[in-house]
Amino acid sequence: MKSMLPAIAALLMAALPGIPRAQPAPPPHDSFVIQSQRLQEARTINVYRPPADAAAAHPVLYMPDGGVAEDFPHVAATVDAGIRAGRIAPLLVVGIENTQRRRDMTGPTQVDSDRRIAPVVGGSAAFRAFIAEELVPEIERRYRTTGARGIIGESLAGLFIVETLFEQPALFDTWIAFSPSLWWNDAALTRSADARLQRMPGLQGRMLLAWGDEDNIGPHAQALSDTVRRAGPAHLQWQALPRPDLRHDTIYTALEAMAIERMYPATPGTSEGKR
């Protein structure tokens with residue numbers, strides 16, 4: 001029975017709207033609503049704009065769990081502080097507020113216990129289509145962007161990020177996944193990684209995968225990392241960070257500044273100062 005407790009705990013964690021965190025006040029940001037045809041619902045979008053010349057174009061970092069009561073405040077605050085300190089290059093942060101998190105972040109599953117975490121699961125393809133076909137064009141219409149796109153998230157959002165790397169690799173060029181729920185569907189993403197990578201010789205970009213002390217996530221994350229290092233395309237830059245000193249509920253805030261700085265380092269003399 002003891003060996004089942006971590007898996008049960010993970011299912012309960014995944015069933016929550018998001019992992020509770022102490023939230024800082026978000027920096028100044030825009031908010032607007034997209035009436036999504038793909039999802040057949042309204043989606044609230046929050047956008048942090050760097051303290052820079054309005055005419056400048058910037059890369060974009062997208063984030064699921066991006067509501068003001070979710071992970072947007074601490075990620076946007078981290079980016080804002082890093083830009084002002086000259087550690088992070090100016091970038092836009094686009095937060096996607098949840099409606100049905102467990103529907104949007106999960107792919108289909110053959111596992112009965114997976115299906116029981118929510119009334120609806122398996123909607124990741126539709127959510128990805130919303131991002132690609134509706135959200136990205138709207139962001140690029142409203143803001144000047146460089147065309148570089150990244151995505152950051154944790155837990156089920158991390159699962160969605162890894163799935164997106166395999167299913168639609170051209171959508172992003174930078175992926176940051178913390179403790180992704182790779183146990184989903186009997187760890188199908190990890191088990192199929194070798195075959196998927198063999199079909200993706202041209203895959204390019206940067207991926208940072210980090211995980212904490214979760215014994216239902218760590219082995220799958222390590223196996224995925226080992227597969228990528230052995231069979232991954234030459235132009236996929238892969239970073240794996242096992243962090244057994246961190247827990248599922250602490251890893252995001254503990255590592256986000258380091259991860260974003262690695263992926264979006266400021267060049268000398270690019271500190272933006274205060275608004």
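**View 1. E163 in helix α6 of the predicted model.** E163 lies in helix α6. The residue is buried, because its relative accessible area of 11% falls under the 20% limit. The side chain of E163 meets the side chain of R128 in a polar contact of 2.9 Å. R128 is itself among the buried residues of α5. The contact thus joins side chains from two helices, with E163 in α6 and R128 in α5.

**View 2. Helix α6, residues 156–167.** Eleven of the twelve residues of α6 are buried, so the helix is largely enclosed by the rest of the structure. The buried residues are L156, A157, G158, L159, F160, I161, V162, E163, T164, L165 and F166. The length of α6 fits its residue count: at 1.5 Å a residue, twelve residues should span 16 Å. The end C-alpha atoms are 16 Å apart, which agrees.

**View 3. The β5-α6-β6 unit.** Strand β5, helix α6 and strand β6 make a right-handed β-α-β unit. β5 covers residues 145–154. β5 and β6 pair in the parallel sense, over five bridges. In this pairing, G153 stands opposite A177 of β6.

**View 4. Strand β6 and its surroundings.** β6 runs over residues 174–178. Five of its five residues are buried, so the strand is largely enclosed by the rest of the structure. T174, I176 and F178 point one way from β6. W175 and A177 point the other way. Residues on both sides are buried.

**View 5. The pairing of β6 with β7.** Strand β7 spans residues 205–211. β6 and β7 pair in the parallel sense, again with five bridges. W175 stands opposite M207 in β7. β6 therefore has two parallel partners in these views: β5 and β7.

**View 6. The kinked helix α5, residues 124–142.** A kink of about 35° lies at L135. The proline P137 follows shortly after that point. The 19 residues of α5 should span 27 Å at 1.5 Å a residue. Its end C-alpha atoms are 25 Å apart, which agrees. Buried residues in α5 include S124, F127, R128, A129, F130 and I131. E134, L135, V136, E138 and I139 are also buried. L135, where the kink lies, is thus one of the buried residues of the helix.

**View 7. A cluster of phenylalanine rings.** The structure holds five aromatic pairs. In one of them, the rings of F127 and F130 have their centres 6.2 Å apart and their planes at 25°, so the pair is stacked. The limits in play are 6.5 Å between centres and under 30 degrees between planes. F127 and F130 are three residues apart in helix α5, so about one helical turn separates them. F127 counts as buried, at 1% relative accessibility. F130 is buried too, with a relative accessible area of 0%. Ring pairs link F127, F130 and F160 into a cluster. F160 is among the buried residues of α6.

**View 8. R101 and its contact with D65.** R101 is found in helix α3, residues 101–104. R101 is buried, with a relative accessible area of 6%. Its side chain makes a polar contact of 2.7 Å with the side chain of D65.

**View 9. M105 in the loop between α3 and α4.** M105 lies in that loop, and α4 covers residues 112–115. M105 is buried, with a relative accessible area of 0%. D65 appears again here: the C-alpha atoms of M105 and D65 are separated by 9.7 Å. Along the chain, the two residues are 40 residues apart.

**View 10. Positive phi at S179 and D186.** S179 has phi near 40°, a positive value in a residue other than glycine. Its place is in the loop between β6 and α7. S179 is buried, with a relative accessible area of 0%. D186 has phi near 55°, also a positive value in a residue other than glycine. D186 is found in helix α7, which covers residues 184–191.

Note on methods:
Residues are numbered from 1 along each chain as its sequence is written. This is a predicted model: local features need pLDDT of at least 70, side-chain atom pairs count only at pLDDT 80 or more; totals for chains, interfaces and linings use all residues. Side-chain values use heavy atoms; hydrogens and water are left out. Helices (H or I, at least four residues) and strands (E, at least two) are DSSP runs, numbered from the N terminus. Buried means under 20% relative accessible area, exposed over 50%, partly exposed in between (1.4 Å probe, protein chains only). A polar contact is a pair of N or O atoms within 3.5 Å; within protein, one must be able to donate a hydrogen and the other to accept it, and residues adjacent in sequence count only if both atoms are side-chain atoms. Two strands pair if DSSP finds at least two bridges between them. A crossover is right-handed if, with the strands pointing away from the viewer, the path from the first strand over the helix to the second runs clockwise. The expected span of a helix is 1.5 Å times one less than its number of residues. The bend at a residue is the angle between axes fitted to the seven residues ending there and the seven starting there. Rings of Phe, Tyr and Trp (its six-membered ring) pair if their centres lie within 6.5 Å; planes under 30 degrees apart count as stacked, over 60 as edge-to-face and the rest as tilted.
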